[in-house]
Amino acid sequence: MQNWKQVLSAARQGESKYKLLVRAITVDIERGELVDGQRLPPQRQVSDALGISVQTVTNAYKELERQGRVRCEVGRGSFVSRRTSEKVATSMLDRTEGTLLDFSNARMLHTGEHDRLWREICRELADEPHQPWMHAFRPIAGLEHHREAGARWLAGLGLEVETDDLLITNGTAHAIFLALASLAGPDDVVLCEGLTDHGAIGSSQVLGFTLKGLEMDRFGLNPEHFEDMCGNERITALVCTPNLNNPTSAVMPDERRREIAEIARRYGVYIIEDDVYGPLLAGQQSTKPLRHYLPELSFYCTSLTKSVLTGLRVGYLAMPRRLALRTESILRVNSWMGTPLMGEIAARWINGGQADDLVQLQRQLLANRQALVEGALGDYLLGHHEYSLNTWLRVPDRWDTDALLRELRRQHIALTLPDPFMPPGSPRPRAVRLCVGAECSEAQMRKGLKTIRQVFEQYPKVHEF
């Protein structure tokens, strides 16, 4: 704490002590003097050592938690935590190593059929004498026929929407960010599942709102906890993934969706629905999107990147009508408009049936891969669905989660730690994520799963060197 004391002693008149303390702790984290997972001194101890109030220390720790540099656990203390972007970078590989079997990225499976259709659409577009999608400067919301195709796609997902309530975005993550930016700022509290996509966590650090996780079971978020939070705090919004939650693969039943929508209506809480995986379930179940039950308070976000083609980064954002102008203006500031070329390709594939064909192909591929996982690791499955891009695996009691993944990396296999999916304050589960879209043959997949099984069943080393 010597560095902290020096920073505070050099404070100029009028400078905020809690901000100076935040700056001093941040410097120690960035220098590596405070490492990931290290427990910070108790607030009372810091207060006594630095001669400042406990409230000042509390405010500093809360700000560090909001920034994602610290996680505060009730009854345990405050711990250094790398930012979500850093966790994602180390937990999910941007680039596959040559000898590594990479189960860390939630990507769809790619085939020769995807390549064929992509080359075909590129030739078709290149031969068009008139190409308005390459000259478009307006409208910001998206070209009209792109939005019409988007509305048709959403209808296939169980949601009827007017084109005036629809924006073209650069993928689902972009849509979710626009929705959050339309609603939440530093004074707002946003809820999410206790395990949620890292994009929502990162958005909280950019936009400054407080993100809190809700209890979950095998069907998704707990409605009773949601209502309890709404009844005791001023909640602005709920971000959730009812279809194939990442990382647990939970699918929320229709009855629970109705219940959550009714709670949100009663307390005036907006819902931001991440349905990027919805196309993989379309026509396979009787559930409706949450927005179907609460259109006046719901944002609905989906895209084609997890079901049709990874690089086809086009998304669709359905908005509450009262916020349509505000959200469109934020899109204008954020990126001016969704990329028209991607919108054109998506529209042609939706209208021509290629998008549906590729979704059906993806379901078959995923079902085959998930069957392999179930056969090899069935007794370790915590979350699993035949059309999910990932599975959620229980860590054996004898293993430390981090040590388990390090051992797997030594065996040239990459899985994902739970950390990128944990909102601030959420308990760390003893589980890891395995994504089935790894670029490998079936034989390589079987071999990798066999290795995972063998490592799970081994006893770890007494000491790691």
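## A guided tour of cavities, a pocket and strands

The residues that line the second largest cavity divide into 5 nonpolar, 4 polar and no charged. This cavity belongs to a predicted model, and the tour begins inside it.

**Stop 1: the second largest cavity.** Select Ile-140, Gly-142, Leu-143, His-146 and Ile-168, together with Met-337, Gly-338, Thr-339 and Pro-340; these residues form the lining. The space they surround has a volume of about 50 Å³. A search of the whole structure finds 3 cavities of 30 Å³ or more. Rolling a probe the size of a water molecule over the atoms reveals where empty space remains.

**Stop 2: the largest pocket.** Next, select Gly-194, Gly-213, Gly-425, Ser-426 and Pro-427. Of the 44 residues lining the largest pocket, these are the closest to its centre. The volume of this pocket is about 1,200 Å³. Its lining consists of 17 nonpolar, 15 polar and 12 charged residues.

Now colour helix H4 (54-66), which gives the largest share of the lining, 6 residues. Other elements that each supply at least two lining residues include strand E1 (70-73), helix H9 (198-207) and strand E6 (210-214). Strand E13 (381-383) is also one of these contributors, and the next stop follows this strand.

**Stop 3: the sheet that contains E13.** Display E13, E14 and E16, which form an open sheet of 3 strands in that order, with antiparallel pairing. E13 and strand E16 (431-435) are the edge strands, each pairing on one side only. On average, neighbouring strands of this sheet are turned by 40° against each other, direction ignored. To examine one pairing, select E13 and strand E14 (residues 390-394), which are joined by 2 bridges. Here Leu-381 stands opposite Leu-393 in E14.

**Stop 4: strand E9 and its partners.** Finally, select strand E9 (residues 237-240) and show its side chains. Which residues point one way from this strand, and which the other way? Ala-237 and Val-239 point one way, Leu-238 and Cys-240 the other, and all are buried. In a regular strand, side chains alternate between the two faces of the sheet.

Add strand E5 (residues 189-193), which runs parallel to E9 and is joined to it by 3 bridges. Leu-191 stands opposite Leu-238 in E9. Then add strand E10 (residues 270-274), which is also parallel to E9 and is joined to it by 4 bridges. In E10, Tyr-270 is the bridge partner of Ala-237. Trace the chain from E9 through helix H11 (residues 254-267) to E10: this β-α-β crossover is right-handed.

Technical notes. Residues numbered from 1 in each chain as written. Predicted model: local features only at pLDDT ≥ 70, side-chain atom pairs only at ≥ 80, totals over all residues. Heavy atoms only, no water. Buried < 20%, exposed > 50% of the residue type's maximum accessible area, 1.4 Å probe, protein only. Pairing = 2+ DSSP bridges. Right-handed = clockwise from strand over helix to strand, strands pointing away. 1 Å grid on protein atoms, 1.4 Å probe; cavity = no way out; pocket = protein on both sides within 12 Å on 5 of 7 lines; lining within 4 Å. Points joined across faces, edges and corners; volume = space filled by probe spheres on them. Nonpolar A, V, L, I, M, F, W, Y, C, P; charged D, E, K, R; others polar. Axes fitted to C-alpha atoms, helices over the stretch in contact; angles between N-to-C directions.
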